[in-house]
Amino acid sequence: QLSASSLAAFADVESFMASLDGVEGPELTAHARTSRSFFGPAELEAILMAASGLDDAPAASVIVAELAPGLLGRPTVDDALFELLGHRELGATAALILGGSGDAAILDRLADSVGDKDALASKRASLAIDIFLSGDGR
């Protein structure tokens with residue numbers, strides 16, 4: 001049961017993003033999970049895009065990990081996750097999500113990313129392929 005002040009955080013995307021300030025750990029995870037009940041795919045996508053730009057990398061990682069799997073297949077989300085492969089702090093999260101997708105088109109795109117000029121992105125793409133092929137991400 002959410003209080004009236006807690007419900008205000010889910011009024012719109014801006015309110016949700018503002019409500020993340022100072023929230024961490026299990027409370028942040030619960031907050032992200034609750035957002036899936038209040039927002040539709042377009043709003044969740046907007047939250048995901050905003051989260052990937054947060055200065056607080058651990059918070060961004062939690063938001064990406066909680067929201068992105070349910071949004072895979074949306075071109076903007078897929079592109080953002082591939083862009084994140086080279087991100088020092090969020091790339092491993094993106095690799096886990098992409099590797100766990102079970103989507104052959106994503107596997108093909110990951111294969112194309114191996115050997116990319118960005119060495120970190122290439123390593124993460126390889127990791128995602130390993131996860132995909134092992135079935136550990138599902």
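A charge is said to sit over a ring if NZ of Lys or CZ of Arg is within 6 Å of the ring centre and within 35 degrees of the ring normal. This tour of a predicted model begins with such a case.

**First stop: Arg 109 and Phe 82**

Select Arg 109 and Phe 82 together. Arg 109 lies over the face of Phe 82, and the distance to the ring centre is 4.0 Å.

**Second stop: the largest pocket**

Keep Phe 82 selected, since Phe 82 is also one of the residues that line the largest pocket. Add Glu 83, Leu 85, Gly 86, Ser 113, Asp 116, Lys 117, Asp 118 and Ala 121 to display the lining. The space in this pocket comes to about 160 Å³. Colouring the lining by residue character shows four charged, three nonpolar and two polar residues.

**Third stop: Ser 113**

From the pocket lining, select Ser 113, which belongs to helix 8 (residues 104-113). Is Ser 113 buried or exposed? Its relative accessible area is 15%, under the 20% limit, so Ser 113 counts as buried. Setting aside neighbours within four places in sequence, Ser 113 has contacts with Phe 82, Ser 122 and Ala 125.

**Fourth stop: the largest cavity**

Turn next to the enclosed space. The count of cavities of 30 Å³ or more is one, and the largest cavity has a volume of about 40 Å³. To display its lining, select Leu 48, Met 49, Ser 52, Val 64, Ala 80, Leu 81 and Leu 84. Which helices each supply at least two residues of this lining? They are helix 4 (41-51) and helix 6 (75-84); helix 6 gives the largest share, with three residues. By character, six of the lining residues are nonpolar, one is polar and none is charged.

**Final stop: the aromatic rings**

The structure contains four aromatic pairs. Select Phe 10 and Phe 16 to view one of them: the ring centres are 5.8 Å apart and the planes meet at 40 degrees, so this pair is tilted. Phe 10 and Phe 16 are both buried.

Now add Phe 39, which forms a tilted pair with Phe 10, at 6.4 Å centre to centre and 45 degrees between the planes. This pair links distant parts of the chain, 29 residues apart. Phe 10 is in the loop between helix 1 (4-8) and helix 2 (13-19), whereas Phe 39 is in the loop between helix 3 (25-38) and helix 4. Phe 10 has a relative accessible area of 6% and is buried; Phe 39, at 6% relative accessibility, is buried as well.

Finally, add Phe 38 to the selection: ring pairs link Phe 10, Phe 16, Phe 38 and Phe 39 into a cluster.

Methods:
Residues numbered from 1 in each chain as written. Predicted model: local features only at pLDDT ≥ 70, side-chain atom pairs only at ≥ 80, totals over all residues. Heavy atoms only, no water. 1 Å grid on protein atoms, 1.4 Å probe; cavity = no way out; pocket = protein on both sides within 12 Å on 5 of 7 lines; lining within 4 Å. Points joined across faces, edges and corners; volume = space filled by probe spheres on them. Nonpolar A, V, L, I, M, F, W, Y, C, P; charged D, E, K, R; others polar. Helix = DSSP H or I, 4+ residues; strand = E, 2+ residues; numbered from the N terminus. Buried < 20%, exposed > 50% of the residue type's maximum accessible area, 1.4 Å probe, protein only. Contact = heavy atoms within 4.5 Å. Phe/Tyr/Trp six-rings, centres within 6.5 Å; stacked < 30°, edge-to-face > 60°.
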